Amino acid sequence: MTDDTTSETDSDDDVRADGSGIVAPDDETPTWRERKTRAQGLSRLTYEYFERARREDQDLRQESDYVERDVLAFPTWPHEVIRNLSIASFFVGMLLFLAATLPPHIGAPANPSSTPAIILPDWYLYWSFGLLKLGPLNPELAILGGKKLMADRTYGVLANLVVVGIVAIVPFLNKGSARRPVEQPFWAAVGVGGVIFAFTISVYSAKNLLPMNVHLAFDLTFILPLVGGFVTWAVLKTMREGYMYDLNRRYYRLRPPK
């Protein structure tokens, strides 16, 4: 009996020592150099990581006294890093596969001697191109004899600077610790309004292709973001009271006051 037990123990130690076990104890976790010398490859390492993370999560949840167990998490290294690298590798592989199997169609080369009727930048720059077409907002000053203070093109460039400046300064204005839109309805409404404005100004940049009145499209470009932001604020405002009540109740169940 003793020999059998000793042999089983030795075999378990050998399995854990060379890193071929599914999950090794914390004090026997192989180093990076030891992992690099394994013959199983990246697929085995990835499987061991996910299996280890699952078992750690299961042990923590079974040993935890918390009523709300969603507070449990894992450190960034190596758990989050390996998981994110695995997910990113999968999507990069899918993109490469699609690029290899479905190559984009290459049209006829551009004719440098003729200007196309419609000129548009890449789709992700439509919003910036739309800001260059804000000529109707450029005021005509009576003091200048009905002339504009600056050219429409210069006015559009300044509009780009203003919008980019607002986007850059918003994180410095909102320094709260809220992690959900319902906790801060105002800033959530600002975000939704900004996203809608980016979409509407992008659509307005191609106003020559719109099957609607240009003046109506111009008005909707600024009205829809305001309406979307107000609706978002109103909805989140009505949800906030009940949400904060449930949040505080869960918090005190986790850490009751002394």
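**Exercise 1. Decide whether Trp233 is buried, partly exposed or exposed in this predicted model, and find the surface feature that Trp233 belongs to.**

Solution. Begin with the accessibility of the residue: Trp233 has a relative accessible area of 34%. Buried would require a value under 20% and exposed a value over 50%, so Trp233 counts as partly exposed. Next, place the residue in the chain, where Trp233 is found in helix H8. Then look at the surface around it: Trp233 is one of the residues that make a nonpolar patch of about 830 Å², together with Phe186, Val190, Ile223, Val227, Phe230, Val231, Val235 and Met239. Finally, ask which elements build this patch: H7 and H8 each supply at least two of its residues, and the largest share, seven residues, comes from H8.

**Exercise 2. List the residues of the largest nonpolar core and work out which helix gives the largest share of them.**

Solution. The core has eight residues, namely Leu131, Leu134, Ala159, Phe197, Ile201, Tyr204, Ala217 and Phe218. Two elements give two or more residues to this core, helix H7, which covers 185–205, and helix H8, which covers 214–254. Of the shares in this core, the largest is that of H7, with three residues. As a last step, take one core member and follow its surroundings: beyond its neighbours within four places in sequence, Leu131 is in contact with Gly156, Ala159, Asn160, Val163, Phe197 and Ile201.

**Exercise 3. Determine whether Asn160 is buried or exposed, and name the residues that it touches.**

Solution. First locate the residue, which lies in helix H6, residues 152–173. Its relative accessibility is 11%, and because buried means under 20%, Asn160 counts as buried. Once residues up to four places away in sequence are set aside, Asn160 touches Trp127, Ser128, Leu131 and Leu132. Leu131, listed here as a partner of Asn160, is also a member of the largest nonpolar core.

**Exercise 4. Find the salt bridges of the whole structure, and describe the residues that form them.**

Solution. Side chains of opposite charge can pair when their charged atoms come close. A search of the whole structure finds two such salt bridges. One joins Glu80 and Arg83, whose closest N and O atoms are 2.5 Å apart. These two residues are three residues apart in helix H4, residues 76–101, and are therefore separated by about one helical turn. Glu80 is partly exposed at 22% relative accessibility, and Arg83 is partly exposed at 34%. Another salt bridge brings together the side chains of Asp152 and Lys148, at 3.0 Å from N to O. Here Asp152 has a relative accessibility of 32% and counts as partly exposed, while Lys148, at 29%, counts as partly exposed as well.

**Exercise 5. Describe the chain as a whole, from the order of its elements to its contacts and its surface.**

Solution. Start with the elements: the chain has eight helices and two strands, and from the N terminus on they run α-α-α-α-α-β-β-α-α-α. Turn then to burial, where 18% of the 258 residues of the chain count as buried. For the contacts, consider those with a separation of 6 or more, of which 60% are accounted for by residues 24 or more positions apart. For the surface, the chain exposes about 19,700 Å², and carbon and sulfur atoms supply 64% of this area.

Definitions and conventions:
Residues are numbered from 1 along each chain as its sequence is written. This is a predicted model: local features need pLDDT of at least 70, side-chain atom pairs count only at pLDDT 80 or more; totals for chains, interfaces and linings use all residues. Side-chain values use heavy atoms; hydrogens and water are left out. A nonpolar core is a set of buried Ala, Val, Leu, Ile, Met, Phe, Trp, Tyr and Cys residues joined through side-chain atoms within 4.5 Å. Buried means under 20% relative accessible area, exposed over 50%, partly exposed in between (1.4 Å probe, protein chains only). Helices (H or I, at least four residues) and strands (E, at least two) are DSSP runs, numbered from the N terminus. Contact means heavy atoms within 4.5 Å. Patches are made of residues with over 30% relative accessible area and no salt bridge: like charges are joined within 9 Å, nonpolar side chains (Val, Leu, Ile, Met, Phe, Trp, Tyr) within 5 Å. Accessible areas come from the Shrake-Rupley method with a 1.4 Å probe; for residues, only the protein chains shown count as cover. A salt bridge is a side-chain nitrogen of Lys or Arg within 4 Å of a carboxyl oxygen of Asp or Glu.
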